[in-house]
Amino acid sequence: MNRTVLSFGAVAVALAAVTGVAALTAPDEAAQRGESAKAAAHKPVERSTLVCPQPSASDVAETSYEAFTPKGGPGKKGSAALYPAELAETDTPQSPEEDKDAGKDGKKGKKDEKGKRGAGKQGEQTEQQGAGTADKGSGKPFLPLSSPGTPVTADTDDPKAPALTGTADGPFAPGWTVQQTTSIGAGAGRGLQGTSCSVPDTSFWFPGASTAEDRQDYVHLVNPDSTTAVVDLELYDKKGKERASEGAGEDVTVPPRSTVPVLLSTLTAEPVTNVTLHVTARTGRVGAQVQVLDRKLGGDWLPPATDPSPRLVLPGIPKDAASVRLAVFAPGDEDADLKVKLAGRTGQISPAGYETLHVKAGMVTTVDLKDLTKGEAGSLVLSPAEGGEDAPGVVAAARVLRGKGSKQETAFIPATEPVQKQATAAGTTPTGATLALTAPETGARVRVTASPGNGGGSPKSTTVSVKAHTTKAFTPPRPTGAKGTYAVTVERLSGGPVYASRTLEREQSGLPAFTVQTLPDDRSTVAVPGSTQDLSVLNDDK
C-alpha cells in the first residue's frame, strides 16, 4: 500500500471506500461551528486493480490483449502488470462440449460436501470477512507497461489461456485499461468476442442473460485478493426469481487469486430465454462478466450494467443492426414506467409501438425493437414516464444482431455510466472501428485522442461537438504514422453528460463479426475534501 497525507474530511472518503458509508458535514453546518469548508479537490488515484476473464476454451480461438494508461499520472515510479488466476475446481461444465456431455446431472449442477457450488476442495479454505489485498501475483508478469501513453500488446491461441488479475500504481494507476478481444473461428460463440477487463466489486447486474437451449451463458467470477470470496447468484425472469432448487446459486466460493465459471442453466429448472442475473459477493469482492455462447447467433461478452437508475443510456447501436432486443429489470418493490427514445444523428425519436414501457417490480421485461436504427447509428435513452428522479431505478441491456440468416452475429450493449472526466478503449484497430458519443440532455464538447500504435506512431487528437439529444458516430482518429492497434481516450471538456462506446468490426468468412465496449468513466481521480487538519491514512485500490 502507498501512504499519503489527506485532510480530515478525506478520512470520511477513506472510510466510505472501506465500509460503504460515510458521514460528511454540510458546508453551512461547518460554518455555524466555525470550521472551514473547502471545495473538494480531485486527485489522481494511486492504485488500480483489474481482472480479466478466461477468454475461451475453444481450440479455434485467437485472443489479443492490449494494455494502456494515459499520460498524466502522479510520480515517476510505479508499475502495471497482470498475473494468471488459477482455474478453481468446479462441478460446472467448463465448455459447451462438456455441457453437451454432462447429461441430466450436469444440467442441474452438483454440490460439494458442504453444499456449496463452485470451487470444490479449494473453496474449503478459511473464509474471512471483507476484501483482501490485491497483491502482485506469482509467475512472469503479463502485459507490463514500460511508460504511460504507450500501449503494450500480446496474443495467444491457447485454449487454456487463464483469467488474469493485477494492479497498477503510481503514474500507471489513473485510467489503466486492458482490452481482451477473441476471434472464434467456428462452433458456439463463433465470431468476435471483446471485453474491457473490469474493476472488482461486490454487486453486479446482468440484464440480457439467458438459459435458453441454444445458449450457454457462463458467469466468470475472478477473485483478485488474498482471501476467499463467497458469492450468491440470483436469476430473475418475467415471473420473478427463478431457481432450479432451494439453495441453487448460493455460497459459490472463489478461492484467492482464482476464477470460477458457472453455467447459468444449472441454476434454472428449465430453459428461460430472458433472465437477469444478480451477482452479490457476501465475503470479499470479485470481478464478474458473462460470456454468451450461442450455437446459431455467435456470441460476445455481456458486461455488467450500471447500477439501478430511473434514467439510463445504452450508447452505440450500429447503423446496420438487424435486430435490437431490450431487456429491463426493476429490482425494487415498485413498478417502473419508462419512456423509450432513440437518440440519433439529428435528435430523439420514439420507436413505433414502444413509446413507453411498463416494467413490473422484480420481473424482467423484454421488447424486440427489430431494425431500430434503420441505417443510422443511435443510442437508447430510458427515462421515467412520470415521477422524475423519485421514480424507481431499473437496470437494462440490449442484445444487438447484425447480418442475415445463418450469417448473424451477436453483441451486447448494457446501460453504462457517463464519461465524467475521461475514459479509454484499448485495442482499437486501424480499420473497422467506430466511436459513438451521446449527449442525452445538453450539448457537450469532447476531446478524442489516439495513442501511438503498438508498433509506433505519434498521438493525434481531435475535438468533437455533440449536439443535445443526439448521437455522433464516427471513425476515431488514428495516430500519425500508425502501426498496429492503439488506444482511444475520450475526455469531456464542457457541457452536459456524455455517454460513449467503441465498436470493432471484422469480416469473418462472410460473417459480420463485431463487438461493442461501453466506455464508463475510468475514475482516474478521487475527490478529496479540503480541511485545516491533516491526518495520515492508507490509500488502497480505487
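Select strand 11 (residues 215-223) together with strand 15 (residues 258-263): these two pair in the antiparallel sense over six bridges. Two strands count as paired if DSSP finds at least two bridges between them, and strands (E, at least two residues) and helices (H or I, at least four residues) are DSSP runs numbered from the N terminus. Within this pair, Tyr218 stands opposite Leu263 of strand 15.

The model on display is predicted, so local features need pLDDT of at least 70 and side-chain atom pairs count only at pLDDT 80 or more, whereas totals for chains, interfaces and linings use all residues. Residues are numbered from 1 along each chain as its sequence is written, and side-chain values use heavy atoms, with hydrogens and water left out.

**Stop 1: the other partner of strand 11**

Keep strand 11 selected and add strand 17 (residues 287-294). Eight bridges join strand 11 to strand 17, and the two run antiparallel. Val219 is the residue to centre on, since it stands opposite Val290 in strand 17.

How many residues of strand 11 are buried? Nine of its nine residues are, where buried means under 20% relative accessible area, exposed over 50%, and partly exposed in between (1.4 Å probe, protein chains only). Both faces are covered: on one side lie Arg215, Asp217, Val219, Leu221 and Asn223, and on the other Gln216, Tyr218, His220 and Val222.

**Stop 2: the disulfide**

Next, select Cys52 and Cys197 and show their side chains. Their sulfur atoms are 2.1 Å apart and form a disulfide; the rule applied is a pair of cysteine sulfur atoms within 2.5 Å. By this rule the count comes to one disulfide. Cys52 lies in strand 3 (residues 47-52) and Cys197 in the loop between strand 9 (191-196) and strand 10 (203-209), so the pair ties together parts that are 145 residues apart in sequence. The torsion about the S-S bond is about 110°, so the disulfide is right-handed. Cys52 is buried, with a relative accessible area of 0%, and Cys197 is buried as well, with 9%.

**Stop 3: the sheet 24-20-26-27**

Now display strands 24, 20, 26 and 27. These four strands form an open sheet in that order, with antiparallel pairing. Strand 24 and strand 27 (407-414) stand at the edges, each with a single partner strand, so one side of each is left without a neighbour in the sheet. Neighbouring strands of this sheet are turned by 15° against each other on average, direction ignored; the axes are lines fitted to C-alpha atoms (for helices over the stretch in contact), and angles run from 0 to 180 degrees between N-to-C directions.

Inside the sheet, select strand 20 (residues 323-329) and strand 26 (residues 395-404), which pair in the antiparallel sense over seven bridges. Ser323 stands opposite Leu401 in strand 26.

**Stop 4: Thr373**

From strand 24, move along the chain to Thr373, which is in the loop between strand 24 (364-368) and strand 25 (378-384). Is Thr373 buried or exposed? At 5% relative accessibility, Thr373 counts as buried. Leaving aside residues up to four places away in sequence, Thr373 touches Ile317, Pro318, Lys319, Asp320, Ala321, Leu342 and Gly378, a contact being heavy atoms within 4.5 Å.

**Stop 5: the sheet 32-29-34-35**

Select strands 32, 29, 34 and 35. They make an open sheet of four strands in that order, with antiparallel pairing. The edge strands are strand 32 (470-474) and strand 35 (511-518), each of which pairs on one side only. The twist averages 20° from one strand to the next.

Strand 29 (residues 433-439) and strand 34 (residues 499-508) pair in the antiparallel sense over six bridges. Ala433 stands opposite Leu504 in strand 34.

**Stop 6: the whole chain and its confidence**

Finally, show the whole protein chain, whose secondary structure comes to three helices and 37 strands. Of its 542 residues, 55% count as buried. Among contacts between residues at least 6 apart in sequence, 83% join residues at least 24 apart.

Colour the chain by pLDDT, the predictor's confidence in each residue, from 0 to 100. The mean pLDDT is 85, and 81% of the residues reach 70 or more. Over residues 1-37 the pLDDT is below 50, and this stretch has 54 contacts in the model beyond near neighbours in sequence. Over residues 99-132 the pLDDT stays under 50, and the model has 78 contacts for them beyond four places in sequence. Where pLDDT is low, the predicted coordinates should not be read in detail.
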